[in-house]
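Hi,

Here is the structure I said I would pass on. Have a look at it first, and then read my notes below.

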Amino acid sequence: MNEIIKNYKRAGFILKPNAPEIKDIYLNIKKQFEDYGIEVVLEDKSAQMIGLDGVEFDEMCKSCDFLVSLGGDGTLLSLVRRSYKYGKPVAGINAGNLGFLADVRIEEVENFLKQIKNGECRIDDRMMISGCIKKDRSSIEFFAFNDVVVTRDTVSKMATIETYVEDDLINILRGDGLIISTPTGSTAYNLAADGPVMYPLTKAFILNPICPHSLTQRPIVMPADFTISIKTPDKKLLVVIDGQDSYKLEKDDKLVIKGAFKGAKLLHRKERNYFRVLRDKLSWGDI
């Protein structure tokens, strides 16, 4: 379901990390936003990187109508996860390479601003993963936008992964690991591991084995309202969240994954067409 945007007057920006050369691009975009009556607030770490003043991240999220990442898909992915609890729409201006998620090109910013002011953009509701690693005396909770990967902790051994759905054992996988992907994440690690591409507004999980020892192992798609549990007889595996955070999964632990109670909001240009994105980024149809 798409949500129609409201009258936005304040935008919070984060910039691609470790890229001080992005300063001039940011200042030009900031002026464009201000020319359209939208105040720009810069997150403090991004501001320090380019020698400007900024505000603390949580304060920015609370005070702004929407958030903007200036960088690549990794910058947008980080912003979505960090700001998720505030429920603010997130737009991505692509100053990176691929641009599956950060889909507004720098030369399209002015047209994007016109659409914002005219209420012509749209907000897509993207499925998020709610996860928990249950240990003997504690638990670790997290959210993921693209995927959760369970993998071996060293390259010299094979992982053994027991997967349960609604407490029923469905698979014992031996191999390099398992990807649990959202539809948005289907074009990330899942795609590289020969998983299916899924339309991003679908509500479902993709479970995709990584280099399985058995050639009969195949990806499986299942409804988002299922509860997935993972255990291992191994001494230790790694749980990697969106390629950015990692935790240990030990022998007596249990990883529990569900569809989050609310989705992430991505702000897009009205003319963005997902199938056109696939054709452009994956060269579908090229001869």
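What follows is a walk through the cores, the empty spaces and a few single residues. Keep in mind that this is a predicted model.

**The cores**

I'd start with the largest nonpolar core, which has 26 residues. The members that touch the most others are Phe13, Tyr26, Phe33, Phe66, Ile93, Ile116 and Leu267. Several elements supply at least two residues each: the strands β2 (10-15), β3 (39-42), β4 (66-71) and β5 (90-94), along with the helices α1 (23-35) and α5 (109-117). Of these, α5 gives the most, with four residues. There is also another core apart from this one, made of 25 residues, and Met127, Ile129, Val148 and Ala224 are among them.

**Helix α4 and the largest cavity**

Next, find helix α4, residues 73-83. Why call it largely enclosed by the rest of the structure? Because eight of its 11 residues are buried, that is, under 20% relative accessible area. The buried ones are Asp73, Thr75, Leu76, Leu77, Leu79, Val80, Arg81 and Ser83.

Two of those names come back when you look for enclosed space, since Val80 and Ser83 both help to line the largest cavity. The rest of that lining is Tyr84, Gly87, Lys88, Val90, Gly263, Ala264 and Lys265. The elements that give two or more residues to it are α4 and β19 (264-268). The cavity holds about 70 Å³ of space, and its lining has four nonpolar, three polar and two charged residues.

**The second largest cavity**

How many cavities of 30 Å³ or more does a search of the whole structure find? Two. The second largest has about 60 Å³ of space. Around it you will find Phe100, Leu101, Arg126, Pro183, Thr184, Thr187, Pro200, Arg272 and Tyr274. By class, that lining comes out as five nonpolar, two polar and two charged residues.

**The largest pocket and Arg269**

The largest pocket has a volume of about 250 Å³. It is lined by 14 residues, and the closest to its centre are Asp103, Arg105, Arg269, Val277 and Asp280. Charged residues account for nine of the lining, next to three polar and two nonpolar. Helix α7 (residues 274-282) gives the most to this lining, with four residues.

Arginine 269 is worth clicking on while you are there. You will find it in the loop between β19 and α7. Is arginine 269 buried or exposed? It is buried, because its relative accessible area is 11% and the cut-off for buried is under 20%. Leaving out residues up to four places away in sequence, arginine 269 touches Asp103, Val104, Glu108, Phe112, Gln115, Cys121 and Arg122. Asp103 therefore turns up twice here, as a contact of arginine 269 and as one of the residues closest to the pocket centre.

Asparagine 273 sits in the loop between β19 and α7 as well. At 30% relative accessibility, asparagine 273 counts as partly exposed. For a sense of distance, its C-alpha is 29 Å from that of leucine 42, and the two are 231 residues apart in sequence.

**Two more loop residues**

Aspartate 253 lies in the loop between β17 (245-250) and β18 (254-259). With 6% relative accessibility, it counts as buried. Its side chain makes a polar contact with the side chain of lysine 135 at 2.6 Å, and also reaches the backbone nitrogen of glutamate 250 at 2.8 Å. Not counting residues up to four places away in sequence, aspartate 253 touches Ile133, Lys134, Lys135, Ile230, Lys231 and Lys248.

Glutamine 217 is in the loop between β13 (204-212) and β14 (220-223). It counts as buried too, at 16% relative accessibility. Which side chain does glutamine 217 meet in a polar contact? That of asparagine 171, at 2.8 Å. Setting aside neighbours within four places in sequence, its contacts are Asn171, Ile172, Leu173, Pro209 and Pro212. By contrast, the C-alpha atoms of glutamine 217 and isoleucine 25 are separated by 47 Å, with these positions 192 residues apart along the chain.

Happy browsing!

Key:
Residues are numbered from 1 along each chain as its sequence is written. This is a predicted model: local features need pLDDT of at least 70, side-chain atom pairs count only at pLDDT 80 or more; totals for chains, interfaces and linings use all residues. Side-chain values use heavy atoms; hydrogens and water are left out. A nonpolar core is a set of buried Ala, Val, Leu, Ile, Met, Phe, Trp, Tyr and Cys residues joined through side-chain atoms within 4.5 Å. Buried means under 20% relative accessible area, exposed over 50%, partly exposed in between (1.4 Å probe, protein chains only). Contact means heavy atoms within 4.5 Å. A polar contact is a pair of N or O atoms within 3.5 Å; within protein, one must be able to donate a hydrogen and the other to accept it, and residues adjacent in sequence count only if both atoms are side-chain atoms. On a 1 Å grid over the protein atoms alone, a cavity is a set of points where a 1.4 Å probe fits but cannot get out, and a pocket is an open set with protein on both sides within 12 Å along at least five of seven lines; lining residues have an atom within 4 Å of a point. Grid points are joined across faces, edges and corners, and a volume is the space filled by probe spheres set on the points. Ala, Val, Leu, Ile, Met, Phe, Trp, Tyr, Cys and Pro count as nonpolar, Asp, Glu, Lys and Arg as charged, and the others, Gly among them, as polar.
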